[in-house]
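Hi everyone, thanks for coming. Please pull up the sequence and the structure, and we'll walk through them together.

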Amino acid sequence: MKVMALSAVRPIFVLFCAIAGSAFAHAQVTFDRLLNPSKEPQNWMTYSGDYAGHRFSALDQINVSNAQKITAKWVYQTGATGKLETTPLVVDGILYATAQDDRAFALDARTGRPIWLYQRQLPGDVRPCCGRVNRGMAILGDKVFLGTMDAHIVALDAKTGNVVWDVAAADYKTGHSFTVAPLIVKDLVIIGVSGGEYGVRGFIDAYDSSTGARKWRFYTVPGPGEPGHETWEGDSWKVGGAPAWNTGTYDAATNQIFWPTGNPAPSNRGEGRAGDNLYSNSLLALNADTGKLDWYFQFTKHDEHDWDATQVPVMIDAGGKHLIAQANRNGFFYVLDRTTGKLISANAYGKTTWTDTRDSEGRPIAKKEASPTLEGHTVCPGALGTTNFMAPTYSAKTSLFYVTARDQCDTFSTAPQPYEAGHAYYGSAYFPSDEAEPYRGFLKAIDPATGQIKWQFEHTSPTWSGVLSTAGGLVCTGDAEGNFIALDATSGKPLWHFQMGGAVYAAPMAFAVDGKEYVAIAAGSAIYAFGLP
Amino acid sequence: MYQRTKVRRCRPVVLLWTVSIVMMALSSAACGDDRNPLANDPKAAKAGEYEFRINCALCHGLGARGGGRGPDLTRAQKKHTHSDADMFQVISNGIPGTVMPANGTNGQGIGMTDEEIWQIIAYIRSQEVKAPAQSRGNVAHGKDLFYGDANCSLCHMVEGKGGRVGPDLSSVGGSRTREALIDSVRNPSRRLAWGLTESTKEFAQEYETITVVTADGKEIKGVALNEDNFSVQMIDSNEQIHLLDKDKLRSFSKSRDSLMPKYKTDVLSDKDLEDILAFLSSVGAK
């Protein structure tokens, strides 16, 4: 449903809402509804808004012609400190989101008034990498699902926040945790583990949404006798990393999930784990029912720079081809044929110095001299990557892929480090390079057909915000200085901004209630919703 | 895993005296000389080196020899810490009002266990040079130069006296390495070229040079106090603050060439610079 239509038929729509609203408010969120988000653009029911990973809203009430009038509608203070990386879900007028330390809450999406709050009692010795963050929940039936810092999966009653089931997936004391928003496929809750910094053996799990029983597990580091095991030296596979800490996508036509994986461990030291280190830094195509591997594509072989390939893989259908695109942390924008996993193109979209050759498949291969040394030397991109977990967006309307990017180089150093369970396992550290240019941050619009950058908007400093595109011709993003910004999706011209008073680490989404469109994003310690006056 | 309470040798005392605040203060004093339970353990120091590289070296440099942002920790005399217990406290909780963050909050690494903090302390102690080189400079002459002929105080403040356009240097002598200070004087733009993440900036601002031309044609040059995509807050050489919207400016440019002039040896001799460093060190050590 387009919001242009909403405006034109507002009296009818309001009447419709009045009649159907209460019915919707009690409707179950079925898998069929998740499969067809375009039928109900007022709702945002999955992490990326759809299974293709587009993070595109079909709402167009807020558009390029009226964006200057956008105003703040409400703010919800989570009371948490640290970073907010959540993408809210909205279903039938209720917004569900998460905050630090595994808070989860439901709000009246019109007003921001809380309905319920869940606060997990975490063990005192949880030490997750990179902040006590959570990127959001999944919803199915009358439950919402989240992964926790102490490596549990929890199902909450969507109406009360009460715990329905709570299962441990792994031992948090050995560095396992969950930060990712789960993905629902049929009746399964699919989730990937974090902990590459601790030398966990990564996995992707699927749980029965009704009972919490585990239905399958795919280890992202193959064990003895499995294909790919030979790509690890000795026993290094046991602590090989390859976590799966960002949400994948799903193709109902083939019943495949596409799930990206992270760095091999230790992240900055290749010595001791000779080989390609499958399936680290890869995109995996798994059968959604069984977790069996259909194909894989490894973006960075034998990574020594912490370039997790955990960016959202975005499904694009163009020219009769079924493609999947990823703006990778290593600085290249990859397009694959998602029926086969074969590489179609790989083009740099930021500053890269680590490669000057390609293999027979066309994949960039690291130069020997890019490897970290004891005293360190400079490589671009840096350890934070050209992009990172910031969710990208694809607009079928402009046929452009929008992604947050940074140009930053780092000095990578390495030193031997023994593995010790539950302790950091990096094999060294990285430093800002004093030979490099100052850091620069951008929003880039990439044409997936050519890999060319159509436009770029430079931020004052690099941001960790994700991006939303809308049928109103807008792209929305946040910046490190606390602004929420709406830009023209075609030209990159900023049309409107609002100072939220806290840096952005989350990605925006859009929804509508009572015929009014809202755009929401987390910044600082709060969730903000914006709309027209 | 070591818990903090397990390694305090005065624990029985603490247990007996936990009934009042006064007693707590006494117990704290009693613990003041607490030593690292892993002291002089080469294996612990080696493990501490790994942890140091991950968690500390970004600011304090490889080998704990100091960086542009963090002090040289190989000095036996430290500004904020004396005993191992002090050091444990500082690593755990950071130093308020400075860029030294609490354990696990610096955006680097994943935070440390108590045992890992003691390992780092063992490592730092193993790197300490017991007899640091004596400052060769003349403090009194350095002070005269700072407030006089070298013109430092036109822009920099020390102990409440001086200018506001550049960073306050009251504590810099106690927290920066000699090499970093010399580099900042001889080549002031170099540090501005470093890309710094928010949590590791040496100062609250980066002292980038801003030049704007306002709608009425007036040129203003100064340093940025803050900036985002849409507005800039700056201070000019007359210490006037300007609050400006970028879209209303005729031009806006930003440079990593510092407003501070390069003090080459023909302007400031090595001996005079040594005297200024001696002055800054004498103040910074307070």
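Let me start with how elements are named: helices (H or I, at least four residues) and strands (E, at least two) are DSSP runs, numbered from the N terminus. With that, we can place Pro381(A) in the loop between β25 (377-379) and β26 (393-395) of chain A. The peptide bond leading into that proline, from Cys380(A) to Pro381(A), is cis, with omega near 0 degrees.

Now some housekeeping. What you see is a predicted model, where local features need pLDDT of at least 70, side-chain atom pairs count only at pLDDT 80 or more, and totals for chains, interfaces and linings use all residues. Residues are numbered from 1 along each chain as its sequence is written, while chains are lettered from A and ligands numbered from 1 in the order in which they are written.

How far can we trust it? The model scores ipTM 0.84 and pTM 0.88. For single residues we have pLDDT, the predictor's confidence in each residue, from 0 to 100. Chain A averages 93, and 94% of its residues score at least 70. For chain B the average is 80, with 79% of the residues at 70 or above. I'll also talk about contacts, meaning two residues whose C-beta atoms, placed from the backbone, lie within 7 Å. In chain A, pLDDT stays under 50 over residues 1-24, a stretch with 20 contacts beyond four places in sequence. Chain B has such a stretch at residues 1-33, with 32 contacts of that kind, and another at residues 194-204, with 25. Where pLDDT is low, the predicted coordinates should not be read in detail.

On to chain A as a whole. Its secondary structure comes to 3 helices and 38 strands, and its C-alpha atoms fill a box of roughly 70 × 50 × 45 Å along the principal axes. Why call the fold compact? The radius of gyration, taken over C-alpha atoms, is 22 Å for chain A, which agrees with the value near 24 Å for a compact globule of 533 residues; that rule is 2.2 Å times the number of residues to the power 0.38. Of the contacts in chain A with a separation of 6 or more, 60% are between residues 24 or more positions apart.

Next, burial. A residue is buried if 20 or more other C-beta atoms lie within 10 Å of its own, exposed if 12 or fewer, and partly exposed in between, again with C-beta atoms placed from the backbone. In chain A, 59% of the 533 residues are buried.

Let's visit a few loops. Is Asn246(A) buried or exposed? It counts as buried, because it has 25 C-beta neighbours inside 10 Å. Asn246(A) sits in the loop between β14 (214-219) and β15 (249-251), and its contacts beyond four places in sequence include Val180(A), Pro260(A) and Phe389(A).

Two residues have a positive phi although neither is a glycine: Lys186(A), at about 55 degrees, and Asp306(A), at about 65 degrees. Lys186(A) lies between β11 (183-185) and β12 (188-192) and is partly exposed, because 16 C-beta neighbours fall inside 10 Å. Asp306(A) lies between β18 (293-298) and β19 (314-318) and is buried, with 28 other C-beta atoms within 10 Å.

There is another cis peptide bond to find, joining Ala265(A) and Pro266(A), with omega about -5 degrees. Pro266(A) is in the loop between β16 (256-260) and β17 (282-287).

Now the inside. A nonpolar core here is a set of buried Ala, Val, Leu, Ile, Met, Phe, Trp, Tyr and Cys residues joined through C-beta atoms within 7 Å. The largest has 187 residues, and Met137(A), Ala138(A) and Tyr528(A) are among those with the most contacts inside it. The largest share of this core, 7 residues, comes from helix α7 (residues 114-127) of chain B. A second, separate core of 17 residues includes Cys152(B) and Leu181(B).

Finally, where do the chains meet? In total, 20 residues of chain B are in contact with 25 residues of chain A. On the chain B side, α4 (42-55) and α5 (57-60) each supply at least two residues, and α4(B) gives the largest share, 3 residues.

That's my tour. Happy to take questions!
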